[in-house]
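Student: I have a new model open and no idea where to begin. Can you walk me through it?
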Amino acid sequence: MKIGIIIGSDSDLPVIVECTEVLEKFGLEYELRILSAHRTPNEVAKWAEEAEERGVAVIIAAAGLAAALPGVVAAHTDLPVIGLPLASGPLVGLDALYSIVQMPPGVPVATVGINNARNAAYLALRILGVANPEHRLMVRNHRAEQTEKVLIKDSLLQEKGVKRYMEGKK
Ligand code: RP5
């Protein structure tokens with residue numbers, strides 16, 4: 001079982017790396033392809049149609065500008081699709097966000113925040129967790145880790161006061 005990641009351009013790689021880093025941290029297998037809904041429409045359709053056969057369980061589709069990619073992928077597969085809008089171009093991702101989030105009823109794409117590649121990975125992990133207790137445990141541990149980090153910061157703040165805390169961060 002793996003995660004299928006598809007990006008519209010190699011210019012999207014610097015952001016998607018934040019997603020693959022999270023997946024690697026959890027030891028999750030993934031495939032990563034550069035295929036564009038507008039520039040390589042046939043290849044996108046084939047990739048999405050065959051994803052399930054290749055063992056893909058969840059798809060992360062990332063694109064900027066008039067980001068048709070996640071929606072087109074969702075139209076060609078029964079798998080859950082997470083759409084990641086990217087901040088490329090003069091509208092800095094708002095165009096991609098609206099394109100991805102405003103899917104017509106019946107063709108859902110679960111949209112995460114603009115450039116929030118890490119949330120795409122965490123959401124994929126949670127989807128895998130529905131059927132797999134091991135993945136659910138990873139989610140639980142990750143949440144506990146985050147909690148711990150904030151509480152450590154808070155006790156340090158209480159101990160040092162705001163000025164010394166800020167100085168320590170420099
Ligand atoms: C989208 O257009 C891509 O996902 C990328 O974010 C944007 C610009 O693509 P390039 O012109 O850099 O290839 O399809």
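Tutor: Start with the lining of the largest pocket, whose residues divide into seven nonpolar, seven polar and two charged. Here Ala, Val, Leu, Ile, Met, Phe, Trp, Tyr, Cys and Pro count as nonpolar, Asp, Glu, Lys and Arg as charged, and the others, Gly among them, as polar.

Student: What kind of model is this, and how are residues numbered?
Tutor: This is a predicted model, in which local features need pLDDT of at least 70, side-chain atom pairs count only at pLDDT 80 or more, and totals for chains, interfaces and linings use all residues. Residues are numbered from 1 along each chain as its sequence is written, and side-chain values use heavy atoms, with hydrogens and water left out.

Student: Back to the pocket. Which residues are closest to its centre?
Tutor: The largest pocket has a volume of about 260 Å³. Of the 16 residues lining it, Gly8, Ser9, Arg39, Gly64 and Leu65 are the closest to its centre. A pocket is an open set of points on a 1 Å grid over the protein atoms alone, where a 1.4 Å probe fits, with protein on both sides within 12 Å along at least five of seven lines; lining residues have an atom within 4 Å of a point. The volume is the space filled by probe spheres set on the points, which are joined across faces, edges and corners.

Student: Where does the ligand sit?
Tutor: The ligand sits in the largest pocket, meaning that more than half of its atoms lie within 2 Å of the pocket's grid points.

Student: Which side chains have a polar atom by a ligand oxygen?
Tutor: Among them are Ser9, at 2.6 Å, Asp12, also at 2.6 Å, and Arg39, at 2.8 Å. A polar contact is a pair of N or O atoms within 3.5 Å.

Technical notes. A polar contact is a pair of N or O atoms within 3.5 Å; within protein, one must be able to donate a hydrogen and the other to accept it, and residues adjacent in sequence count only if both atoms are side-chain atoms.
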